[in-house]
Amino acid sequence: MRQHSKGHLDIEDRGAVLIARVDGGPHGLFGLEIANQLEALVDRVDGDPNVHAVVFTGAHPQRFVSHADVRWLQEGGAAVPSVNRLGASVLARTAKNVDRARLGPLVNRTPMGPAVELERLHTTFLRMNRSGVIFIAALNGSALGLGAEFAWANDLRVMADGDFFIGQPEVLLGIMPGGGGSQRLTRLIGTHQSLVAILEGKPFTPAQALANGAVDDVVPQDQVLARAVELAAHFGSRTKGSVEAIKRAVYFGGSMSLTDGLHVERTEFLGTALSKEGQQLMLDYMQSTESNGELPLYNPEIYKQALQLGTVPGRRSTNGR
């Protein structure tokens, strides 16, 4: 039987914003228990119209998430015979089908189990990207490997200034990123910078991560959570349907051909334009134009209010709540 480090997510409810502290034990590791609880959390917030944002931070005083529980990876790998690239591709595709069929519990104790666990984790990260909820990583300290990949899977990242680092060191263990690092980091900072960083295995300092776009803000460590919650409230004020549509279009349409990406955009646009919130806010906008003789977004004060509220102010506005 494979043994994993115990870990859990400690959830603090602040109304429209949830704070999830990732507790990976004394070493701050990301193991199977945290993966399962993360999946359950995404289920919960996706189904709750009152939750607009989730902020993740580390329970460890100096680390966001150290990296994956190496025992989880090593023992899982040891349960599967060595395979070539073709065999690995077949294994990955089979795991996807097993996960879609919800057969995971039946294969968890078989050689197929590790591949299904990895597929489930990727699916959870992808669901975060499809969600109408804003996910923010409040990096209170360092993050390597799966810790960094978890941060890349969030929509925004705030990192503590100081003697901290974030990156993908897997090559130094004779493996490569497996939680999405080769794909997500590449989309964040570009192909060449990502390739060099992953090949070398050297992490970024907070200043380097900010400069290359791997994180969105760097603040003193004692301000990381407050800054992340501030961003969560700001971006979470947008209508949940719009957030979901925009994230789908950017995350998934943005990596397709232009023709296919435009199809994704048209699909998501029509969904929002025909929604109750979209129709209501557009009616408000037209009524304000008629009443004031000017387009609301060309009034600097109204535009400022709209950015703060998340919607253009109007008498029938609901702000998506």
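The exercises below, each with a worked solution, concern a predicted model of a protein chain.

**Exercise 1. Overall make-up**

Describe the secondary structure, the burial and the contact pattern of the protein chain.

Solution. Begin with the secondary structure, which in the protein chain comes to 14 helices and 11 strands. Turn next to burial, where 45% of the 321 residues count as buried, while the accessible surface comes to about 16,800 Å², with 58% of that belonging to carbon and sulfur atoms. Finally, take the contacts with a separation of 6 or more, and note that residues 24 or more positions apart account for 70% of them.

**Exercise 2. The nonpolar core and helix H6**

Determine which residues touch the most other members of the largest nonpolar core, and then examine the helix H6 for burial.

Solution. The largest nonpolar core holds 60 residues, and those touching the most other members are Val54, Phe56, Phe150 and Ile166. Taking Phe150 from this group, and leaving aside its neighbours within four places in sequence, one finds it in contact with Val22, Phe30, Leu38, Phe56, Phe64, Val65, Phe125 and Met128. Phe150 is also one of the buried residues of H6, a helix that spans residues 146-153 and is mostly covered, with 8 of its 8 residues buried. The buried residues of H6 include Glu149 as well as Leu146 and Trp152.

**Exercise 3. Two strand arrangements**

Work out the order of the open sheet that contains E5, E8 and E10, and set beside it the pairing of E1 with E2.

Solution. The open sheet has 3 strands in the order E5-E8-E10, with parallel pairing. Strand E5 (63-65) and strand E10 (166-167) each have a single partner strand and therefore stand at the edges, so that one side of each is left without a neighbour in the sheet. E5 pairs with strand E8 (residues 142-144) over 2 bridges in the parallel sense, and Val65 stands opposite Ala143 in E8. Strand E1 (residues 8-14) and strand E2 (residues 17-23), by contrast, run antiparallel and are joined by 7 bridges, with Ile11 standing opposite Ala20 in E2. These two strands form a hairpin with 2 residues between them, and Gly15 in the turn has a positive phi of about 80°.

**Exercise 4. The surroundings of Asn140**

Locate Asn140, decide whether it counts as buried or exposed, and trace the polar atoms that its side chain meets.

Solution. Asn140 lies in the loop between strand E7 (134-139) and E8. Its relative accessibility is 9%, and because the cut-off for burial is under 20%, Asn140 counts as buried. With neighbours within four places in sequence left aside, Asn140 is in contact with residues among them Thr57, Gly58, His60, Pro61, Arg63, Phe64 and Gln221. Three of these offer backbone atoms to the side chain of Asn140: the nitrogen of Gly58 lies 2.9 Å from a polar atom of that side chain, the oxygen of His60 is reached at 2.8 Å, and the oxygen of Arg63 lies 3.3 Å from a polar atom of the side chain. As a last step, consider Pro220, which is 80 residues apart from Asn140 along the chain, although the C-alpha atoms of the two are separated by 9.1 Å.

How values were computed
Residues numbered from 1 in each chain as written. Heavy atoms only, no water. Core = buried A, V, L, I, M, F, W, Y, C linked by side-chain atoms within 4.5 Å. Buried < 20%, exposed > 50% of the residue type's maximum accessible area, 1.4 Å probe, protein only. Contact = heavy atoms within 4.5 Å. Helix = DSSP H or I, 4+ residues; strand = E, 2+ residues; numbered from the N terminus. Areas by Shrake-Rupley, 256 points an atom, 1.4 Å probe, with all protein chains shown as cover. Pairing = 2+ DSSP bridges. Polar contact = N/O pair within 3.5 Å; in protein donor to acceptor, adjacent residues only side chain to side chain.
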